[in-house]
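Visitor: I'd like to learn how to read a few features in a model like this one. Could you walk me through it?

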Amino acid sequence: MMKKINIRRILPFFCILLVFSACKVESESIFNMFDVEVTFHNNSQYAIVEDAVVNDGDSVHIYYTVHSPNEDMMSVVVDSTNGTGTYSQREIPVTEAERRSYSGVVKFKMRRDGKMTFRFYAKNEENVYIGDGYTSITVEGAPSYTLFADRRLYAPRVNADLDNPSPSFISLSTGQTYTYDEAVAVSDQIDFGIDTQYDSRANYSTFLVYNLYALTVDEYPVEFYDVSNWTKRETKFSAPITASNAYTTFTRTLVSSSRIEEQALNQTINREQTDGVEYTQGLAAANMIYFQTPEGKYGAMYVNQATRDQQGRYYVSVDVKIQK
């Protein structure tokens, strides 16, 4: 037998459906509610009109036109962001003659690795956003330096254990750390080793001081490491930089090969060893040094921390940036 349909029960559902359908038709999609257009122009040999990859030091020109067919513009905003999470905005007042169409150009030299995204949008007389043409342009700086993160150099004296040797040498060109036995076979790649001593002050006599050494020192300080027959790379470095802004410099300033070299040239890079006698000296946490390899490459080494691992071995963790 056929069931009877209860009209009184289903009628509210039809009403809701009709209302929803009406709202759906009347509402305007955010993807077509702004009619501002942004176009890019090939007006110079350095101009880019779409996403592009450029090299460190290259000139970049972005010629753009913001066109508003139906509403006057009072200003145009150039918004730029980069991979570090920082951004900047420049608001440009628009003249009477430019209310419906404004053209401008952004010019700069690429001096950072990674992406920078530029967006151009208009504001009306109420200072309200009226569109960006649903477009942007991204300029990517091709990699010009190499980052080696969290390279651990272990204290050779306090960790001395023939059954469990720990790496205390580093190659800046490969980013690898090596134990003494491993480094023997690749001595032509080894730039630095470390040694430790206890803080010279009585109240801090249990604190370790980490010192950095090039292999060109007259006598390597770890007496049980014989490096006399090793190939000696003449890598030099600066005195440790203890400024409170060293981390910011390492992460936000040293962002391309040219910036690394520019900052390194401000330092005297002629050392083969550090001579710290207190735990805040030498390779202490938050210190940084600049260096130059025999091949002429500049770089910087930032000390993250001096601590112990789960096995109780003492080490210093460093980040290294070096020109490609």
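Visitor: Let's begin with a helix. Which elements do the buried residues of α4 pack against?

Guide: Keep in mind that this is a predicted model. The buried residues of α4 pack against β10 (145-154), α3 (246-253), β16 (288-292), β17 and β18 (314-323).

Visitor: And which residues of helix α4 are buried?

Guide: First the general idea: an α-helix has 3.6 residues a turn, so residues three or four places apart point the same way. Here α4 covers residues 257-264, and its buried residues are Ser257, Ile260, Gln263 and Ala264. They sit on the same side of α4 because they cover an arc of only 135° around the axis.

Visitor: Now empty space. What lines the second largest pocket?

Guide: In general, rolling a probe the size of a water molecule over the atoms shows where empty space is left. In this model, the second largest pocket holds about 210 Å³ of space. Its lining includes Phe207, Tyr210, Tyr279 and Tyr314. β14 (208-214) gives the largest share, three residues. By type, the lining residues split into 10 nonpolar, two polar and no charged.

Visitor: One last residue: is tyrosine 225 buried or exposed?

Guide: Buried, because its relative accessibility is 14% and the cut-off is under 20%. Tyrosine 225 is in the loop between β14 and β15 (236-237). Leaving out residues up to four places away in sequence, tyrosine 225 touches Pro156, Ser168, Phe169, Tyr180 and Tyr220. Tyrosine 180 is 45 residues from tyrosine 225 in sequence, yet their C-alpha atoms are 7.2 Å apart.

Key:
Residues numbered from 1 in each chain as written. Predicted model: local features only at pLDDT ≥ 70, side-chain atom pairs only at ≥ 80, totals over all residues. Heavy atoms only, no water. 1 Å grid on protein atoms, 1.4 Å probe; cavity = no way out; pocket = protein on both sides within 12 Å on 5 of 7 lines; lining within 4 Å. Points joined across faces, edges and corners; volume = space filled by probe spheres on them. Helix = DSSP H or I, 4+ residues; strand = E, 2+ residues; numbered from the N terminus. Nonpolar A, V, L, I, M, F, W, Y, C, P; charged D, E, K, R; others polar. Buried < 20%, exposed > 50% of the residue type's maximum accessible area, 1.4 Å probe, protein only. Arc of directions from axis to C-beta. Contact = heavy atoms within 4.5 Å.
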